[in-house]
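Please walk me through this structure, one part at a time. Short steps will do.

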Amino acid sequence: MSKERVAIIEVGPRDGLQNEPITVPTEVKLAFIKHLVDAGLKEIEATSFVSPKQIPQLADADALWPQLPVGPAYSALVANEKGLERALAVGVKRIAVFTAASSPFTERNIGMTIDESLVRFRSIISQFRANGGQFVRGYISTAFECPYAGKIEPKSVIRVASELFSMGVDEISLGDTIGTAVPVETKALLRDITGQFHPSKIACHFHDTNGTAIANVSESLNFGIRRFDSSAAGLGGCPYAPGAGGNLASDDLVYFLERSGFETGVNQSALAQASLQLLSVLEKSVAAHAQLSALSRVSKTQS
Ligand code: HMG
Ligand code: MG
């Protein structure tokens, strides 16, 4: 019997690099992305067309995009008209707009309230579609907890989700931006939200600050969620979400899903190579559990 497929949306080149203290050169990003492609990742969030003053790490989006290796479906973050113009100029066909379930967060992140962002994104999405745009994702950050407003009720997330779907997003991604959610909270949100929207339209984006991301993925699978965001080597974080840890490591997600009987299409050792090479550029040590265990197996075999 064939295994059920779970899609991994690799956000390492965007979420993974946007919060790093160093700006990675474009050619190093391209080599990293090439490794991700070789590892079998089919959906990659490559960069953001946001203000280079606010996210200088991704200021090279216009130069990076035309050089991306062919194959995967690439997407990029867009938050305003200027960003949309830049994205369209280089032929971007898949964008992600990003709001949140808490205005104190959107005010810091994108300089507007949730409702202002919804007005803005309705216009951006319609311009994008009118210019041949093919796929739009709507992120809802702080879906569980906001670093400024505290715990978030599912109904606040559902309100934003309804607005995003009404403007024609293809999917929403629920962001545990600061990585504090535990399965009982994931269950509460997904029970309510999958009661209103089909699970195939929902992705989950867990940061792993407290080591609970895999447990949240496990709970999400029970609700029919089959699309998860993760970042090679567990890099990531948002400059406007103090205390946020890295994303769930793609390495750990692939290990968990494959071992649980799902198919991801991702080669674990090729992914480990992608992660390790980037970590060496960033001069960071390995954090993903799946890599640590693989490395310790290698060193035991060699000793
Ligand atoms: P703004 O500064 O409020 O815009 O940016 P503005 O219209 O006032 O413009 C000010 C200056 O910025 C102008 O330049 C603009 O041209 C320039 P000046 O005249 O001063 O020389 N500018 C731009 N330049 C190039 N491209 C642009 C652009 N926009 C303005 N797109 C904006 C508004 C939303 C763009 C800004 O606040 C911004 O870039 N914020 C960064 C948001 C961001 O990328 N956050 C991280 C991603 S979200 C995340 O990580 C969460 C997620 O992972 C899910 C989860 O974990 O929950 C998705
Ligand atoms: Mg994130």
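At what angle do helix H4 and helix H6 pack, and how far apart are their axes? This is a predicted model, and in it H4 (residues 81-89) packs against H6 (residues 114-130) at an angle of about 20°. Their axes lie 10 Å apart. Angles under 35 degrees count as roughly parallel, so H4 is roughly parallel to H6. The crossing of H4 past H6 is right-handed.

Now look at the side of each helix that takes part. From H4 come Glu81, Leu84 and Leu88. They meet Ser123, Ile124, Gln127 and Phe128 of H6. By class, this contact of H4 with H6 has four nonpolar residues, two polar ones and one charged one.

A second helix pair comes later in the chain numbering: H10 (250-259) and H11 (residues 268-282). The axes of H10 and H11 come within 10 Å, and they cross at roughly 170°. An angle over 145 degrees counts as roughly antiparallel, so H10 is roughly antiparallel to H11. H10 brings Ser250, Asp251, Val254, Tyr255 and Glu258 to the contact. H11 answers with Gln268, Leu271, Ala272 and Ser275. Sorted by class, the residues of the contact of H10 with H11 are four nonpolar, three polar and two charged.

H10 also has a part in covering another helix, H9. H9 spans residues 213-222. Which of its residues are buried? They are Ala213, Asn216, Val217, Glu219, Ser220 and Leu221. The cover over these buried residues includes two helices, H8 (183-194) and H10 (250-259). It also includes the strands E9 (171-176), E10 (202-206), E11 (227-230) and E12 (262-263). After H9 comes glycine 224, with a positive phi near 85°.

Strand E10 (202-206), part of that cover, leads on to the metal. Which residues coordinate the magnesium ion (ligand 2)? Asp15 does so through OD, and His205 and His207 each do so through NE2. The distances run from 2.1 to 2.3 Å. Along the sequence, the donor residues follow the spacing D-x189-H-x1-H.

Are the two histidines buried or exposed? Buried means under 20% relative accessible area. Histidine 205 has 5% relative accessibility, so it counts as buried. Histidine 207 has 3%, so it counts as buried too.

Technical notes:
Residues numbered from 1 in each chain as written. Chains lettered and ligands numbered in written order. Predicted model: local features only at pLDDT ≥ 70, side-chain atom pairs only at ≥ 80, totals over all residues. Heavy atoms only, no water. Buried < 20%, exposed > 50% of the residue type's maximum accessible area, 1.4 Å probe, protein only. Helix = DSSP H or I, 4+ residues; strand = E, 2+ residues; numbered from the N terminus. Contact = heavy atoms within 4.5 Å. Axes fitted to C-alpha atoms, helices over the stretch in contact; angles between N-to-C directions. Parallel < 35°, antiparallel > 145°, perpendicular 65-115°, else oblique. Left-handed = near helix turned anticlockwise from the far one by under 90°. Nonpolar A, V, L, I, M, F, W, Y, C, P; charged D, E, K, R; others polar. Donors = N, O, S within 2.8 Å, 3.2 Å for Na, K, Ca; no water.
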